[in-house]
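The following note sets out several points for a colleague who is examining this structure. They are offered in numbered form for ease of reference.

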Number of protein chains: 2
Amino acid sequence: MRELIQAVENYLAICLTDLSMPPRLRAAMNYSLLAGGKRLRPVLCLLCAGASCPSAERDATLTYALPFACGLEMIHTYSLIHDDLPAMDDDDLRRGRPSNHKAFDEATAILAGDALVTDAFWFMARAGENIAPVRVLRALSVVAEAAGGRGMVGGQVLDIEYTGLGLAPVRHDAALLTKLQAMQALKTGALFRAACIGGGILGGANEESLAALGKYAEALGLAFQIVDDILDETQDTAILGKPAGSDAEKGKLTWPSLTSLDESRERAHLEAEKAAAALKALTGPDADTLRDLALRLVNRIR
Amino acid sequence: MRELIQAVENYLAICLTDLSMPPRLRAAMNYSLLAGGKRLRPVLCLLCAGASCPSAERDATLTYALPFACGLEMIHTYSLIHDDLPAMDDDDLRRGRPSNHKAFDEATAILAGDALVTDAFWFMARAGENIAPVRVLRALSVVAEAAGGRGMVGGQVLDIEYTGLGLAPVRHDAALLTKLQAMQALKTGALFRAACIGGGILGGANEESLAALGKYAEALGLAFQIVDDILDETQDTAILGKPAGSDAEKGKLTWPSLTSLDESRERAHLEAEKAAAALKALTGPDADTLRDLALRLVNRIR
């Protein structure tokens with residue numbers, strides 16, 4: 001997995017350098033795109049492509065899918081830049097550094113996000129140079145749907161709506177838990193799912209395998225979000241790169257606030273196991289890594 | 001051409017209704033998407049598709065290309081919503097109504113724009129259900145490049161940069177005119193060009209015809225922008241839907257301020273004729289309409 005992360009980092013580091021654009025715009029895009037992070041979405045995409053193609057074609061397929069996978073990271077990065085804006089979550093810090101609109105200015109941050117999401121589709125389409133266009137177009141369509149109004153952006157709208165309502169967290173309130181889960185499924189889960197299914201499509205997975213990858217991604221996304229909520233409450237600023245407990249302070253619904261820390265941990269482990277089990281029909285080293293990734297994710301909160 | 005505009009209006013009117021998304025988000029997207037406008041980019045795309053395909057396939061091709069063409073209008077609409085934001089041009093009026101962030105709020109306007117640009121690519125990809133995916137993917141890639149950091153978004157960055165510099169317009173200053181032209185070529189011209197070339201690709205144009213469509217679009221885009229600058233200075237609020245002379249007030253470089261009204265008119269007519277001439281090798285009713293469209297565009301300022 002380390003080689004995949006490195007391949008993604010290498011591609012991201014140079015992908016905007018040979019494109020002519022206003023220097024300030026490029027600087028703002030790279031400021032956030034190259035700020036680190038786990039590169040989870042592109043890595044998931046590549047692993048699912050690798051788990052879906054004939055093993056003899058694995059290395060070539062992953063190389064060909066790299067621009068597509070990195071497009072997912074651009075979409076993720078744009079969403080973080082826009083989420084941090086004063087009109088949204090109004091966060092001054094991201095990954096321990098000033099957020100984009102603090103390092104540059106608000107107009108530049110909005111436009112850096114706009115350019116990242118648009119250029120992401122250009123990079124995704126580039127995979128069509130080496131992978132059958134019919135596959136690339138279908139995978140791109142899955143990502144567009146997951147990132148748009150019925151997916152990630154819709155989730156952010158719900159997040160702002162619920163936060164604005166000032167809903168007091170009531171432990172074990174079924175209606176609030178349903179709201180939280182639906183919001184997170186859109187805001188975070190949809191792009192995880194598209195990364196996995198998109199990778200599967202690029203690798204040539206059949207419909208049955210795509211359904212399995214979808215189930216894997218849904219459980220993984222939920223586990224990821226619960227872990228994120230737990231870490232927000234329990235870790236300190238130095239590790240988080242932002243003030244601890246900032247979700248609760250903003251009046252956001254979280255898993256620990258609607259259940260308890262223990263129950264949240266338990267649910268995260270359960271979802272990770274569900275994710276791993278969803279891939280039982282898939283064999284080979286990339287499928288093993290996907291299963292392993294789900295289990296290691298929740299070990300951060302053990 | 002009236003039927004094409006009507007087909008675009010019909011598609012736009014219903015395209016978001018069957019998609020499940022938060023009601024407030026959908027309302028904000030439709031508020032701006034259905035606010036009228038000339039629908040120039042989708043119409044150009046359809047006409048170029050029609051001018052490029054065998055005449056027996058013309059009607060079917062235009063029907064199949066409709067989701068792609070309407071994706072262009074979504075991208076145009078998102079750019080208007082974001083351009084109007086307080087951090088950008090800070091415009092309270094658009095087409096005679098409150099701009100999106102005034103009718104809703106800033107967060108919703110940012111997210112409505114984000115959803116429109118992302119969903120645009122989903123609609124563009126949908127054309128692949130009936131048109132060869134290799135064509136759709138190439139056309140989509142042309143649009144993504146034109147709309148992103150090297151195109152429209154880059155143009156908006158330059159616009160803000162130049163406006164912020166407070167450059168005093170000096171008549172016939174060659175350096176300023178070069179800046180203005182480069183900025184407008186990105187901010188407006190790039191998407192015009194992508195609409196025409198994208199339509200040509202969907203219709204099956206050969207490389208020679210695509211080059212002609214590109215030349216047509218570049219001259220048309222320039223003529224369009226000069227006409228826009230002239231109207232901003234000479235028409236009153238009721239017709240413009242925004243205060244007249246607002247470009248000059250904001251310290252924006254414009255064609256009349258860097259040349260004169262007469263010279264601007266002359267240049268617009270020259271570019272419209274250049275656009276029409278670029279299509280001399282193309283025959284048929286859609287090519288006729290494209291030539292006619294260029295000449296009628298500048299007749300608004302006669």
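1. A residue is called partly exposed when its count of other C-beta atoms within 10 Å falls between the cut-offs of 12 or fewer for exposed and 20 or more for buried. The model under discussion is predicted. In chain B, Asp90(B) has 13 C-beta neighbours inside 10 Å and therefore counts as partly exposed. The residue belongs to the loop between α4 (58–83) and β1 (93–94) of chain B.

2. The backbone at this position deserves attention. Most residues other than glycine have a negative phi. Asp90(B), although not a glycine, has a positive phi near 50 degrees. In chain A, Asp90(A) likewise shows a positive phi, of about 50 degrees, and is located in the loop between α4 (58–83) and β1 (93–94) of that chain. Asp90(A) is partly exposed, since 13 other C-beta atoms lie within 10 Å.

3. How are the two chains related? Chain A is superposed on chain B by a rotation of 180 degrees, with 0.0 Å of shift along the axis and an RMSD of 0.0 Å. The two copies are thus related as by a two-fold rotation axis. Both copies use the same surface, as 100% of the contact residues of chain A recur in chain B.

4. The contact draws 44 residues from chain A and 44 residues from chain B. On the side of chain A that touches chain B, the elements giving two or more residues are α2 (23–33), α6 (106–126), α7 (133–147) and α8 (152–165) of chain A. Of these, α6(A) provides the largest share, with 12 residues. By residue class, this side of chain A divides into 27 nonpolar, nine polar and eight charged residues.

5. One of the contributing elements, α8 of chain A, may be considered further. Its 14 residues should span 20 Å at 1.5 Å a residue, and the end C-alpha atoms of α8(A) are 20 Å apart, so the expected and computed values agree. The buried residues of α8(A) are Met152(A), Val153(A), Gly154(A), Gly155(A), Gln156(A), Val157(A), Leu158(A), Asp159(A) and Ile160(A).

6. Which elements cover the buried residues of α8(A)? The cover includes α4, α7 and α9 (174–203) of chain A, together with α2 (23–33) and α6 (106–126) of chain B. Both chains are thus represented in the cover of α8(A). Just after α8(A), Gly166(A) adopts a positive phi of about 60 degrees.

Key
Residues are numbered from 1 along each chain as its sequence is written. Chains are lettered from A and ligands numbered from 1 in the order in which they are written. This is a predicted model: local features need pLDDT of at least 70, side-chain atom pairs count only at pLDDT 80 or more; totals for chains, interfaces and linings use all residues. Helices (H or I, at least four residues) and strands (E, at least two) are DSSP runs, numbered from the N terminus. Two residues are in contact if their C-beta atoms, placed from the backbone, lie within 7 Å. Ala, Val, Leu, Ile, Met, Phe, Trp, Tyr, Cys and Pro count as nonpolar, Asp, Glu, Lys and Arg as charged, and the others, Gly among them, as polar. The expected span of a helix is 1.5 Å times one less than its number of residues. Copies are superposed by least squares on the C-alpha atoms of residues with pLDDT of at least 70 in both.
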